[in-house]
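Let's take a walk through this structure together. Keep the 3D view open beside the text, and turn it as we go.

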Amino acid sequence: MTDYTPIQQYPAPQAAPPRNGLGTAGFVLGLVGLVFSPIPFVGVVAWPLVVLGLILSAVGVARVRAGKATNKGLSIAGVVVSVLGLVVSILWVVVIGKAISDVNDQATQRHTITYSVTGDSKTADVDYSTFEPADSVKSETGAAVPWTKTVEATGLFIGAFTVTTGEDGGSVTCKVVVDGKEVKTATASGEYAVASCTGF
């Protein structure tokens, strides 16, 4: 008679939930986007990366909650870095937009420039920027001192203003006032001395 050893039956092991590839991809994209986001000009690349990273990470979190995946921590980290990258990207857009707006405002702003010459010299040769057309300089030879002239300029500018005494010498002082504020002054004395108020 043959003895049969009963076969023990064990319950089949439950399959482990699959790893979450979407959550991992979302984390990687969000991290790369966060690294690129604060870099000027290169940060433009961060926009699609952080948005896609946020979407994939959010899907990864949803898969973990549904029991279809296991890497909950990595998916949540992907959401966090993607949101941070998105915030930095938005801040850059605001900063760059403000800078462009400021430059445009300065480029269209009108300025009033007043040149004046004082001193004990009776006459002087005066050279000054008129800004219309741009960078044009006008000269007045033997102008009576005191002397003054007001011109208008639009946008960003660098002006020139020089005063030269004649052969009789004496002293002259040049002064530049832009929009009511004194920005440049200089004094010179002697024969053919030059007072320069250039570079305002």
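The paragraphs below go from the overall layout to one helix, then to the surface, the salt bridges and a few backbone details.

Before we start, please keep in mind that this is a predicted model. The protein chain contains 3 helices and 8 strands. Following the sequence from its start, you meet them in the pattern α-α-α-β-β-β-β-β-β-β-β. Of the 200 residues in the protein chain, 30% are buried. If you count the contacts in the chain with a separation of 6 or more, 61% of them join residues 24 or more positions apart. The chain exposes about 12,400 Å², and carbon and sulfur atoms supply 64% of that area.

Helix 2 is a good place to look in detail. Its 20 residues should span 28 Å at 1.5 Å a residue, and the end C-alpha atoms are indeed 28 Å apart, so expectation and model agree. Which residues of helix 2 are buried? They are Ala46, Leu49, Val50, Gly53, Leu56, Ser57, Gly60, Val61 and Val64. Because these residues cover an arc of only 145 degrees around the axis, they sit on the same side of helix 2. The spacing along the sequence makes sense if you recall a general point: an α-helix has 3.6 residues a turn, so residues three or four places apart point the same way. What do the buried residues of helix 2 pack against? Their partners are helix 1 (21-36) and helix 3. Now turn helix 2 around: on the other side, Pro48 and Arg65 are exposed. Just beyond the helix, Gly67 follows with a positive phi, near 80 degrees.

Helix 2 also takes part in a feature of the surface. A nonpolar patch is formed there by Leu22, Trp47, Val51, Ile55, Val59, Ile90, Val93 and Val94, which together have about 630 Å² of accessible area. Two elements give two or more residues to the patch, namely helix 2 (46-65) and helix 3 (72-108). Helix 2 gives the most, with 4 residues. Let's pick out Trp47, which has its place in helix 2. With a relative accessible area of 31%, Trp47 is partly exposed, and a residue needs over 30% to be part of a patch.

From the nonpolar surface we can move to the charged pairs. How many salt bridges does a search of the whole structure find? It finds 3. One of them joins Lys98 and Asp102, with the closest N and O atoms 3.1 Å apart. Both Lys98 and Asp102 belong to helix 3, where they are 4 residues apart, about one turn of the helix. Asp102 counts as partly exposed, at 31% relative accessibility.

Another salt bridge links Glu152 with Arg110, and here the closest N and O atoms are 3.9 Å apart. Glu152 lies in strand 4 and Arg110 in strand 1 (residues 110-119), so this pair ties together parts that are 42 residues apart in sequence. Both residues count as partly exposed: Glu152 has a relative accessibility of 31%, while the value for Arg110 is 44%. There is also a salt bridge between Lys149 and Glu140, whose closest N and O atoms are 3.8 Å apart. Lys149 is partly exposed too, at 29% relative accessibility.

Finally, have a look at the loops. In the loop between strand 3 (137-144) and strand 4 (147-154) you will find Pro146. The peptide bond from Val145 to Pro146 is cis, with omega near 5 degrees. Asp168 lies in the loop between strand 5 (161-165) and strand 6 (171-178), and at 74% relative accessibility it counts as exposed. Asp168 and Thr123 are 45 residues apart in sequence, yet their C-alpha atoms are 8.9 Å apart in space.

Further along, Asp179 is found in the loop between strand 6 and strand 7 (181-189). Asp179 is not a glycine, but has a positive phi of about 50 degrees. Its relative accessible area of 42% makes Asp179 partly exposed. In the loop between strand 7 and strand 8 (194-196) lies Tyr192. The phi of Tyr192 is positive as well, near 55 degrees, in a residue other than glycine. Is Tyr192 buried or exposed? At 52% relative accessibility, Tyr192 counts as exposed, since the cut-off for that label is over 50%.

Definitions and conventions:
Residues are numbered from 1 along each chain as its sequence is written. This is a predicted model: local features need pLDDT of at least 70, side-chain atom pairs count only at pLDDT 80 or more; totals for chains, interfaces and linings use all residues. Side-chain values use heavy atoms; hydrogens and water are left out. Patches are made of residues with over 30% relative accessible area and no salt bridge: like charges are joined within 9 Å, nonpolar side chains (Val, Leu, Ile, Met, Phe, Trp, Tyr) within 5 Å. Accessible areas come from the Shrake-Rupley method with a 1.4 Å probe; for residues, only the protein chains shown count as cover. A salt bridge is a side-chain nitrogen of Lys or Arg within 4 Å of a carboxyl oxygen of Asp or Glu. Buried means under 20% relative accessible area, exposed over 50%, partly exposed in between (1.4 Å probe, protein chains only). The expected span of a helix is 1.5 Å times one less than its number of residues. The arc is that of the directions from the helix axis to the C-beta atoms. Contact means heavy atoms within 4.5 Å.
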